[in-house]
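Trainee: Could you take one part of this model, examine it closely, and then connect it to its surroundings? I should like a single continuous account.

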Amino acid sequence: MPQFYLAGDWAQSNLPKLLLPIDGDLAHHLRVRRIGADDVFTVFDGKGHTAVGRLSRANETPSQIEITQIQEDRQRELPYRIELIQGLASGDKMDWIIEKAVETGATSITPIECERSVVKLKNDPKRLEKRLLHWQAIAQAACEQCDRSVIPEVTSIQHPRDAFKPSKAGLKILLSTTSTASLHQFLNQHPPQSITLAIGPEGGFCKEEEEYAKQAGFTALSLGPRIVRTETAGIVAISAVESIWSLKTS
């Protein structure tokens, strides 16, 4: 069944059946997917709950959604958190990064404006707000596509220093082209736990930014002998975490 995001606290209801109004975005998505009256599909609240949805018809236009079988469904979520700190990338690269980070299991995504970032948004509040809303919509759509029940948080753009400090993850990794230590070996030496992955922009982190990370407890590691693009690095790193740690949790 196709899956759609239905905002609200409906999962807290103890009723066996609920009738809820359909907002504009959901109505549009249902039309695009050619969902009609009495068709059955899955809805999720973005917080870990799913339900069975069915359109009910008022007059000739579907205006309400009937939901039943509400349940907590986190089976597609990892048993540990993966936080991605991502240097701003140019063009559509950030859109692609956020979409694929959600699909591969990231729990949160924090964009950072680095010294070498091609894109600069922090001094343009209107443009920044527009981009943030756009990225959040991409995260939602990615969850609908890959059947995740929890929508990862996409935070506002931060300075690297401010993004590195708050991380409470058990492991904190900064991918650096100057490091010779292997991410794969590091992961093999540690059990599955919460982890933060920091990825620089197109030009990589500057020395000062790497020092900020070091002071915040990050370990500089390498993906290997080849230099990969910023839009590739985070996805490769997340995939490596899941691939290596899945052997330890299976």
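Mentor: The account below starts with one helix and then moves outward through the sheet, a helix pair, a loop and the charged pairs.

This is a predicted model, in which local features need pLDDT of at least 70 and side-chain atom pairs count only at pLDDT 80 or more, while totals for chains, interfaces and linings use all residues. Residues are numbered from 1 along each chain as its sequence is written, and side-chain values use heavy atoms, with hydrogens and water left out.

The part chosen is helix α6, residues 207–215 (helices are DSSP runs of H or I with at least four residues, strands are runs of E with at least two, and both are numbered from the N terminus). Its buried residues are E209, Y212 and A213 (buried means under 20% relative accessible area, exposed over 50% and partly exposed in between, with a 1.4 Å probe and protein chains only). These residues lie on the same side of α6, because they cover an arc of only 95 degrees around the axis (the arc is taken over the directions from the helix axis to the C-beta atoms). An α-helix has 3.6 residues a turn, so residues three or four places apart point the same way. On the other side of α6, K207, K214 and Q215 are exposed. The buried residues of α6 pack against α4 (160–164) and β9 (171–175) (contact means heavy atoms within 4.5 Å). After α6 comes G217, with a positive phi near 95 degrees.

Helix α1 (residues 24–32) shows a comparable division, with L26, A27 and L30 buried. Because their arc around the axis is only 100 degrees, they are on the same side of α1. G24, D25, R31 and V32 are exposed on the other side of α1. R34, just after α1, has a positive phi of about 60 degrees.

Strand β9, against which α6 packs, belongs to an open sheet of six strands in the order β8-β7-β6-β10-β9-β11, with parallel pairing (two strands pair if DSSP finds at least two bridges between them). β8 and β11 (219–221) are at the edges with a single partner strand each, so one side of each has no neighbour in the sheet. Within this sheet, β6 and strand β7 (residues 108–112) pair in the parallel sense over five bridges, and Q86 stands opposite P111 in β7. A further parallel pairing joins strand β1 (residues 3–5) to β3 through three bridges, with Q3 opposite T42 in β3. Strand β3 (residues 40–44) is largely enclosed by the rest of the structure, because four of its five residues are buried.

Two other helices, α2 and α3, pack at an angle of about 35 degrees with their axes 9 Å apart (axes are lines fitted to C-alpha atoms, for helices over the stretch in contact, and angles run from 0 to 180 degrees between N-to-C directions). Their crossing is right-handed (the near helix is turned clockwise from the far one by less than a right angle, anticlockwise being left-handed). In α2, the residues that meet α3 include M94, I98 and V102, and the α3 residues in this interface include W135, I138 and A142.

The loop between β5 (61–72) and β6 (82–87) contains D73, which counts as buried because its relative accessibility is 11%. D73 touches G48, H49, T50 and S149, residues up to four places away in sequence not being counted.

The structure holds 12 salt bridges (a side-chain nitrogen of Lys or Arg within 4 Å of a carboxyl oxygen of Asp or Glu). E77 forms one with R148, the closest N and O atoms being 2.7 Å apart. This pair links distant parts of the chain, 71 residues apart: E77 is in the loop between β5 and β6, and R148 is in the loop between α3 (125–146) and β8 (153–154). Both partners are buried, E77 at 18% relative accessibility and R148 at 5%. K93 and E202 form a salt bridge whose closest N and O atoms are 3.5 Å apart. They also link distant parts of the chain, 109 residues apart, with K93 in helix α2 (residues 93–104) and E202 in the loop between β10 (195–199) and α6. Here K93 is partly exposed at 24%, as is E202 at 31%. Finally, K17, D38, R54 and E66 are linked in a network of salt bridges.
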